[in-house]
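Me: I should like to learn how to read a structure that is new to me. Please guide me through it, beginning with the overall layout.

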Amino acid sequence: MKTVLTYHHPAPVWIEGLPLGNGSSGMMVFGCAKHETFMLNHDRLWQHKQHKSFQTARAIPTLMKLVKEQKPDEFNAVFQSTVVGDATACNAYQPFADLEVEVLSGETADGYERRLDLENAVLTVEYRLGENRIRYTAFCDIRSSVMRIRIAAGKPTDLRLRYRR
């Protein structure tokens, strides 16, 4: 089974983006070369007094194993009990912030690629600006519930970061 989703074009709208999360914190990554958006969320920020006792993060290895073994009924049972829960435990979902990364360069982007490694839960966006290589790497740590985004460039590069709530 292929565990890496690879796309050679940007995701200009949210619905085409790639999701990344650990069952508690998460992000949706979309945009285009030179202007990517990381829509961020954490379940503690949108839940009210009720706290669902989901075991999503702990269930991820089991869910991945059931997908690889092509056991849809078992997957559904585990998914329902650990991710979805019952309707009374659900709250309205609203993302808490957008982190926008804009590369300030007159160069035209080339060789755009975005990947979601399902096995390792790592999202990567890469492209070239002339001779410079831009790379974003993101993951959501399952132990600390922290989202991490690393921005790297082969040469010094001017960026504009915007945090919107």
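Me: Which pattern does the chain follow when it is read along the sequence?

Reply: Please keep in mind that this is a predicted model. Read along the sequence, the chain shows the pattern β-β-β-β-α-α-α-β-β-β-β-β-β. In total there are three helices and 10 strands.

Me: How are strands joined to one another, and how many bridges join β1 to β6?

Reply: One looks for bridges between strands and for the direction in which the partners run. Here β1 and β6 run antiparallel and are joined by four bridges. Within this pairing, threonine 6 has arginine 115 of β6 as its bridge partner.

Me: Which residue stands opposite alanine 109 in β7?

Reply: Alanine 109 stands opposite leucine 129. The pairing of β6 with β7 is antiparallel and has seven bridges. These two strands form a hairpin with four residues between them, and alanine 121 in the turn has a positive phi of about 55°.

Me: What share of the residues counts as buried?

Reply: The general idea is that nonpolar side chains tend to be buried together in soluble globular proteins. In this chain of 165 residues, 35% count as buried.

Me: Which residues touch the most other members of the largest nonpolar core?

Reply: That core has 19 residues, and those touching the most other members are Leu20, Met27, Phe38, Leu123, Tyr127 and Tyr136. At least two residues of the core come from each of β2, β3 (25-32), β4 (35-42), β5 (97-103), β6 (109-117), β7 (122-129) and β8 (132-140).

Me: With which residues is leucine 123 in contact, leaving aside its neighbours within four places in sequence?

Reply: Leucine 123 is in contact with Leu18, Leu20, Val29, Arg115, Leu116, Tyr136, Thr137 and Ala138. For the chain as a whole, one may consider contacts between residues at least 6 apart in sequence; 56% of these join residues at least 24 apart.

Me: Let us turn to the surface. Where does tryptophan 14 lie, and why does it count as partly exposed?

Reply: Tryptophan 14 lies in the loop between β1 (4-7) and β2 (18-21). Tryptophan 14 counts as partly exposed because its relative accessible area is 42%, and that class lies between the cut-offs of 20% and 50%. Together with Val13 and Ile15, Trp14 makes a nonpolar surface patch of about 320 Å². The accessible surface of the chain comes to about 10100 Å², with 55% belonging to carbon and sulfur atoms.

Notes:
Residues are numbered from 1 along each chain as its sequence is written. This is a predicted model: local features need pLDDT of at least 70, side-chain atom pairs count only at pLDDT 80 or more; totals for chains, interfaces and linings use all residues. Side-chain values use heavy atoms; hydrogens and water are left out. Buried means under 20% relative accessible area, exposed over 50%, partly exposed in between (1.4 Å probe, protein chains only). Contact means heavy atoms within 4.5 Å. Accessible areas come from the Shrake-Rupley method with a 1.4 Å probe; for residues, only the protein chains shown count as cover. Patches are made of residues with over 30% relative accessible area and no salt bridge: like charges are joined within 9 Å, nonpolar side chains (Val, Leu, Ile, Met, Phe, Trp, Tyr) within 5 Å. A salt bridge is a side-chain nitrogen of Lys or Arg within 4 Å of a carboxyl oxygen of Asp or Glu. A nonpolar core is a set of buried Ala, Val, Leu, Ile, Met, Phe, Trp, Tyr and Cys residues joined through side-chain atoms within 4.5 Å. Two strands pair if DSSP finds at least two bridges between them.
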